[in-house]
Amino acid sequence: MKKHQMLIAGKWVDPAGGEWFESLNPFTGAAWALVPRGGKEDVDLAVAAAKAAYEGPWRKLTASARGDLLRKFAELVAAEADKLAEIETTDNGKLIAEMRGQLKYVPQWFHYFGGLADKVEGRVIPIDKPGVFNFTREEPLGVVVAITPWNSPLLLATWKLAPALAAGNTVVWKPSEFSSVSAFAFAQLFERAGFPPGVVNVITGYGNEVGEPLITHRDVAKVAFTGGDRTGEHVYQLAAKGIKRITLELGGKSANIVFDDADIDEAVKGVVSGIFAATGQTCIAGSRALIHRSIHDKFVEKLLALAKTARMGNPLDANTQVGPITTQPQYQKVLDYIRIANEEGAVCRLGGGPASRPECGSGWFIEPTIFTGVKPQMRIAQEEVFGPVLSIIPFDDEEEAIRVANGTVYGLAAGVWTTSIRRALMMAERLEAGTVWVNTYRAVSYMSPFGGYKRSGIGRESGIDAIREYLQTKSVWIDIAGSAPNPFVMR
Ligand code: NAD
């Protein structure tokens, strides 16, 4: 079993506390790697390294040179994509087909933000005062902390690292304790691309032992966090104490809304892809299917027929369609929600418990599960499960669909299935969600802003909006009149 090290100031180092913990393969349940258990001492060293790099070599590079490094890094990731995907699947149990797809996308973000690095421009403001020249500069923030979850480790880290580095910041990245191993292989590529030491640092460990001292460190300017909303709330409070800038990408309870004028077969595929494609372990899971009452029964029959065909098994097998749950606590949490849904009176139409198929080995598998008869206020319809559990809620008209869809604390994404342009545009306007898909689901791009309304988050990742999250504006005033104004009056 490989004993990994952390990357601090360009050197691979053991944790100061001398402790490691096991990373488990969710398909076999067996330990397969040893991950350093970082602590406050490591945090101090990593932040100091990031600060020194920010004030030293990184700041001295031109924006174009930063862009070149990001693009070089993109090429290296592209060459290693299959290897990185295999590490991710072994570590977090998500399908190899999904992780290969994600790793093919990752270079796009580094190319895009590499291209943006030298297009960050200030403005000249035509100030309405005589004798002054005013312009703005867009400047980096300093040391950025990136904290990421286990479900899409490298893609979600990329969404932070690419814009943060393009904007001229340096980074300390803490991956999830459940899926840290790909971070080590990824970080080696920053070295190979030629990034100065300390520009990207990786420290691993638990949220309270590494995450908290990172967030509260006085030399950290910004926290970019992806994870659950309860953790996000805590992270927000900690960051508030130091008045740190923050981006929060949190959970969701997204509605996939199917109207009676939709292409039903396409909508069935869309609903399945929304909830079962990543074993439901995606922030944008379409975990509530809102189905127009007139097509409800027909839709459910077709949905059950398709969901029943899902091939479960080894996530490293490219033909597998539903893999294991990534962590044991998460496995337990999903089973708890299935119990709660039954107790609340929802009707279990498919699955409803652990999968004991031989192809599932000793992994933490749960059968694709579908509940009908779900009422909008039930916990199963309000809380994020983060597993392969779908709640079906019937509706009678557009107003009811909007009310139910918007009736949770979350607002990450929504899907609308309709052939009416009027309805598509009207729904896109009225849904309280950072992303609305019409007649498709789970599409993302480096070009399009992504983020949450309401409790699903603050700030945007991807697209031009994302780089602004890592910049601050300075206003510069220059006197061009040459005569001193009255010093006792505001100019
Ligand atoms: P989590 O909140 O448990 O952990 C996320 C990260 O926060 C991990 O690195 C963890 O170690 C760290 N952390 C935990 N406690 C901390 C603390 N006290 N201080 C600082 N850091 C701490 O989330 P998870 O279970 O790893 O991931 C699943 C969650 O992430 C789901 O809720 C999902 O919806 C959300 N998610 C959101 C998006 C998005 O873009 N909106 C994307 C993927 C996942």
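This report looks at the ligand site, the salt bridges and a surface patch of a predicted model. Residues are numbered from 1 along each chain as its sequence is written. Local features need pLDDT of at least 70 and side-chain atom pairs pLDDT 80 or more, while totals for chains, interfaces and linings use all residues.

Let's start with the ligand. It is surrounded by 29 residues (a heavy atom within 4 Å), and the closest are Thr148, Glu177, Thr231, Leu250 and Glu384. Backbone atoms take part too: a polar one of Gly228 is 2.9 Å from a ligand oxygen, and one of Gly227 is 3.3 Å from a ligand oxygen. The protein covers 89% of the 850 Å² of accessible area (Shrake-Rupley, 1.4 Å probe) that the ligand has on its own.

Next come the salt bridges (a side-chain nitrogen of Lys or Arg within 4 Å of a carboxyl oxygen of Asp or Glu). The structure holds 32 of them, including these:

| Pair | Closest N to O distance |
|---|---|
| Glu383 and Arg379 | 2.8 Å |
| Glu432 and Lys454 | 2.8 Å |
| Asp479 and Arg491 | 2.6 Å |

Asp479 and Arg491 are 12 residues apart and link distant parts of the chain. Asp479 is partly exposed (20% to 50% relative accessible area; under is buried, over is exposed), at 36%, and Arg491 is partly exposed at 40%.

Finally, Val124, Phe133, Ile478 and Ile480 form a nonpolar surface patch with about 370 Å² of accessible area together. Patch members have over 30% relative accessible area and no salt bridge, with nonpolar side chains joined within 5 Å and like charges within 9 Å. Ile480 is exposed, at 58%.

Key
Heavy atoms only, no water. Buried < 20%, exposed > 50% of the residue type's maximum accessible area, 1.4 Å probe, protein only. Polar contact = N/O pair within 3.5 Å; in protein donor to acceptor, adjacent residues only side chain to side chain. Helix = DSSP H or I, 4+ residues; strand = E, 2+ residues; numbered from the N terminus.
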